[in-house]
Amino acid sequence: MFENLCTLPLASELFTQALHPTRPLLTVGLSNGHVETFRLPSNDATSSSDAADENDENSNITGGKGLIKSVWRTRRHKGSCRCLAYSHDAQALYSAGTDSLVKHFSPETGVVISKIGLPPRNSASSRTDCPVIMHPLSPQTVLLGTDFGSLYIFDLRQNGSIDPRPVRKHLPHTDYITSLTPLPPTSESTSGFPKQWVSTGGTTLAVTDLRHGIIVTSEDQEDELLCGTIIPSGLGPKKMRSNAVLAVGTGGGVLTLWDRGSWDDQQERINVAPGQNKRDGDSLDAIVRLPDELGWGKKVVVGVGDGSMSVVDLRVREVQAVLKHDDVEGVAALDFDYQNRLISGGGRTVKVWATAPDLARESEADEEADDGAKRHAGGEDSEDDDDSDDDSDDASHRRPSRKRRKKGGKGAYRSPAFPGLD
């Protein structure tokens, strides 16, 4: 179903990743506070912005000739970089870290354009909260969730900078927010952008409206809810197939399904990585929906705490394939790039996967290509005067631990997939 094309070793543990929607650019946020952007080899020679690379050896990854090149890197945050997100027009990239700063910068150069600090947790304390997740809801709005369950709504200015004063603050959860999933706009929407979203944190799910605040909170699920993705249509109940369904991964290895509008409790359960009891299952830490362009139906890829990835068919409610990202570290991030390649990240590695038919076509075109893709070691640091130059990690600013996460050997460096390459 999917086959690994290449493995990219990282200097530190990956916390987050972001992919450009129309160009082969991958940006990673690491536990040491560094942010780095790589150019992935592309099979698409139609992008004018990448015309300079069309005729070099970076242009073909599945043929075995491609190089993964570092475009820029910098120490963006003290402590760790928790989250990365592109603006709606992909002209800006945002990062947030355990230094309680949110920075707005250019995806191509990494140069900071603006930055803000999070406000104090409450009026009685001067301590600021730490961000854990961020999502641009529309060209005018960005959502940011924190360690203590706070959800901030910020306005975006005309140049993409974030207004330092949040428009609203909600408290949908008592534990840190693990996922933010926008709900598709209704047919009555005039803007075409979401106005509501689902958040998960601790053992509950909540739905919040941009204007009306928290609408509903689910019952206690007695299991951590860690990640979510929306299936816009085709899986709803009988006579309501167009109704959206939310797939949510749990700490006990079970994928739960929620019908839009029925947020009190889950409707279906799919065992992905269960144990003999809830505490024995491997956590489902990341999830991504398969693109419709692949034509594979209603499926998702789920990243598991044991380093595996499960392809789950939501229509027949079963796991159809299992891939391996790492033997020790769990999968922290999953995305599809603009060429429908699966990008998995976790531990100190990022992997690029392609569908089997794509691999077959490329093999016929070039049977004598070298194996794999190589990382170019000559990346340049961006000149960013706003960034921290403190290279020490803050042990107190690690990602919040997931109680049922089955991860061992934290921080162990894994050798590159291609011998002789750093």
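In this predicted model, the side chains of Arg 82 and Asp 147 form a salt bridge, with 3.3 Å from N to O. Arg 82 belongs to strand β6 (residues 81–86), while Asp 147 sits in the loop between β11 (141–146) and β12 (151–155), so this pair ties together parts that are 65 residues apart in sequence. Both partners, Arg 82 and Asp 147, are buried.

How many salt bridges does a search of the whole structure find? The search finds eight. Side chains of opposite charge can pair when their charged atoms come close. Three of the bridges are described in this report, and the table lists their partners and N to O distances.

| Positive partner | Negative partner | N to O distance |
|---|---|---|
| Arg 82 | Asp 147 | 3.3 Å |
| Arg 317 | Glu 268 | 3.9 Å |
| Lys 299 | Asp 313 | 3.5 Å |

The salt bridge of Glu 268 and Arg 317 has an N to O distance of 3.9 Å. Glu 268 is part of strand β21 and Arg 317 is in the loop between β24 (308–313) and β25 (318–324), so the bridge ties together parts that are 49 residues apart in sequence. Are these two side chains buried or partly exposed? Glu 268 counts as partly exposed because its relative accessibility is 36%. Arg 317 is also partly exposed, with a relative accessible area of 30%.

Lys 299 and Asp 313 meet through their side chains in a salt bridge of 3.5 Å, N to O. Here both residues are in strands: Lys 299 in β23 (residues 299–304) and Asp 313 in β24, so the pair ties together parts that are 14 residues apart in sequence. Lys 299 and Asp 313 are both buried.

## The chain as a whole

The protein chain contains one helix and 29 strands. Of its 422 residues, 56% are buried. Among contacts between residues at least 6 apart in sequence, 54% join residues at least 24 apart. The accessible surface of the chain is about 18,300 Å², and carbon and sulfur atoms account for 45% of that surface.

## A negative patch

Which residues form a negative surface patch? Glu 219, Asp 220, Asp 264 and Asp 265 form it. Asp 264 is located in the loop between β20 (254–259) and β21 (268–271). Its relative accessibility is 46%, so Asp 264 counts as partly exposed. Strand β21, at one end of that loop, is also the strand that holds Glu 268 of the salt bridge with Arg 317.

## Positive phi angles

Most residues other than glycine have a negative phi. Ala 90 is not a glycine, yet its phi is positive, at about 65°. This residue is in the loop between β6 and β7 (93–97). Strand β6 is also where Arg 82 lies. Ala 90 is buried, because its relative accessible area is 5% and buried means under 20%.

Glu 222 is another residue other than glycine with a positive phi, near 60°. Its place is the loop between β17 (213–217) and β18 (225–231). Is Glu 222 buried or exposed? Glu 222 counts as exposed, because its relative accessibility is 57% and the exposed class covers values over 50%.

Terms used. Residues are numbered from 1 along each chain as its sequence is written. This is a predicted model: local features need pLDDT of at least 70, side-chain atom pairs count only at pLDDT 80 or more; totals for chains, interfaces and linings use all residues. Side-chain values use heavy atoms; hydrogens and water are left out. Patches are made of residues with over 30% relative accessible area and no salt bridge: like charges are joined within 9 Å, nonpolar side chains (Val, Leu, Ile, Met, Phe, Trp, Tyr) within 5 Å. Accessible areas come from the Shrake-Rupley method with a 1.4 Å probe; for residues, only the protein chains shown count as cover. A salt bridge is a side-chain nitrogen of Lys or Arg within 4 Å of a carboxyl oxygen of Asp or Glu. Lys and Arg count as positive and Asp and Glu as negative; His and the chain ends are not counted. The place of a charge is taken as NZ of Lys, CZ of Arg, CG of Asp or CD of Glu. Helices (H or I, at least four residues) and strands (E, at least two) are DSSP runs, numbered from the N terminus. Buried means under 20% relative accessible area, exposed over 50%, partly exposed in between (1.4 Å probe, protein chains only). Contact means heavy atoms within 4.5 Å.
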